Amino acid sequence: MAKVYINDVKDLIVKAGEIREKLALATRRIGNVHIGGPMSATDVTTAIYYKYMGFDPDNLDDPNRDIFILSKGHNGILLFTIFCDMGMYDWDLLLDTYNTIGHPFGAHPNHKRVKGIEVSSGSLGHGLSWCCGIAHANRAKNIKSRIWTLLGDGEMEEGSNWEAILYAASHNLDNIVAVVDFNHASAAFETGQNQRWGEKGGPEGMADCFRAFGWNAVVIDGTNMADIDKTLSALPEVTLNGKPNAIICSTTKGQGVSFMMERPCAWHIGGFDDDKLKEAVEDIKAYTAERLAEV
């Protein structure tokens with residue numbers, strides 16, 4: 001397998017559109033999938049994997065590699081789809097065996113069964129703690145690669161995250177990048193219905209919370225690839241003795257599919273019939289074209 005690298009913003013938008021279409025097709029064929037979160041996280045995850053991580057399927061044990069931890073593990077189908085797109089796995093194998101006994105692709109990713117998965121996840125609130133441990137180990141070896149983690153805004157209500165956030169800042173673990181897919185909905189609540197982030201609430205309020213704990217934090221449009229690209233390219237150089245970085249990506253659950261975005265909590269998990277699949281694919285194609293026209 002050759003290392004996949006995409007530099008141009010327009011090409012990243014096209015790739016994100018392809019990934020979304022595959023997620024829609026997978027949802028129809030598999031039958032019941034955590035789909036809303038993967039759709040909203042597609043843009044930033046595409047940029048990280050295809051450009052900024054230097055992800056190399058042939059060198060997954062390189063001690064100097066960037067590491068990606070999917071803290072919101074119920075979005076595993078997104079990483080599996082990217083891995084298939086990169087030639088690491090057969091697409092039909094994923095669709096035919098997803099979440100079946102004895103096969104590698106579970107509803108939550110398993111480090112022991114799927115190459116490319118750094119940490120088994122699914123129980124929410126653990127990704128940042130893993131990051132802290134790996135960041136410490138890398139610093140001891142003077143390895144200046146980044147440790148990325150993708151979290152959800154609902155998951156950020158877990159207290160264990162804030163213990164890790166305080167710890168990372170206290171120990172100057174600037175090799176950590178926390179990316180929050182703030183898609184304004186969890187499985188049960190829309191933003192603000194359960195907890196409010198600081199005085200401002202929403203993505204800006206969450207960013208203030210990170211800053212209060214000693215992190216660099218920015219809020220971006222997580223659906224705008226140019227904005228994502230600009231933000232990732234501007235990350236400070238890793239010194240192993242600075243502030244960790246948080247990127248709060250404002251999105252909508254089900255991003256790119258109108259009927260999902262209109263009822264975000266309802267599409268935390270679900271399936272498509274043929275009519276819904278047709279509508280979803282048409283929406284994704286139109287959404288991708290709109291994004292390309294903006295660049």
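Biologist: What does the accessible surface of the chain come to, and which share belongs to carbon and sulfur atoms?

Modeller: This is a predicted model, in which local features need pLDDT of at least 70, side-chain atom pairs count only at pLDDT 80 or more, and totals for chains, interfaces and linings use all residues. Residues are numbered from 1 along each chain as its sequence is written, and side-chain values use heavy atoms, with hydrogens and water left out. Accessible areas follow the Shrake-Rupley method with a 1.4 Å probe, and for residues only the protein chains shown count as cover. The accessible surface of the chain comes to about 12100 Å², and the share of carbon and sulfur atoms is 48%.

Biologist: How many helices and strands does the chain have, and what is its radius of gyration?

Modeller: Helices (H or I, at least four residues) and strands (E, at least two) are DSSP runs numbered from the N terminus; the chain has ten helices and five strands. The globule rule (2.2 Å times the number of residues to the power 0.38, with the radius taken over C-alpha atoms) gives 19 Å for 295 residues. The chain is as compact as a globular protein of that length, because its radius of gyration is close to that value, at 18 Å.

Biologist: Which percentage of the 295 residues is buried?

Modeller: Buried means under 20% relative accessible area, exposed over 50%, and partly exposed in between (1.4 Å probe, protein chains only). By this criterion, the buried part of the chain is 55%.

Biologist: Is Asp181 buried or exposed, and which side chain makes a polar contact with its side chain?

Modeller: Asp181 lies in strand S3, residues 176-182, and it is buried because its relative accessibility is 1%. Contact means heavy atoms within 4.5 Å; not counting residues up to four places away in sequence, Asp181 touches ten residues' worth of neighbours including Gly37, Leu150, Asp153 and Thr251. A polar contact is a pair of N or O atoms within 3.5 Å; within protein, one must be able to donate a hydrogen and the other to accept it, and residues adjacent in sequence count only if both atoms are side-chain atoms. At 2.7 Å, the partner of the Asp181 side chain is that of Lys72.

Biologist: Which elements do the buried residues of H7 pack against?

Modeller: Helix H7 covers residues 202-212, and its buried residues include Pro203, Met206 and Phe210. After H7 comes Gly214, with a positive phi near 100°. The buried residues of H7 pack against helix H6 (159-170), S3, strand S4 (216-221) and strand S5 (245-250).

Biologist: What is the phi of Asn142, and what is that of His184?

Modeller: Most residues other than glycine have a negative phi. Asn142 sits in the loop between H5 and strand S2 (147-152) and is exposed, with a relative accessible area of 54%, whereas His184 sits in the loop between S3 and H7 and is partly exposed, at 27%. Both values are positive: that of Asn142 is near 60°, and that of His184 is near 65°.

Biologist: Which side chain makes a polar contact with the side chain of His268?

Modeller: His268 belongs to the loop between helix H9 (258-261) and helix H10 (274-294), and it counts as buried because its relative accessibility is 16%. Among the residues that His268 touches, leaving aside those up to four places away in sequence, are Val33, His74 and Ser186. The polar contact, at 2.8 Å, is with the side chain of Lys253.
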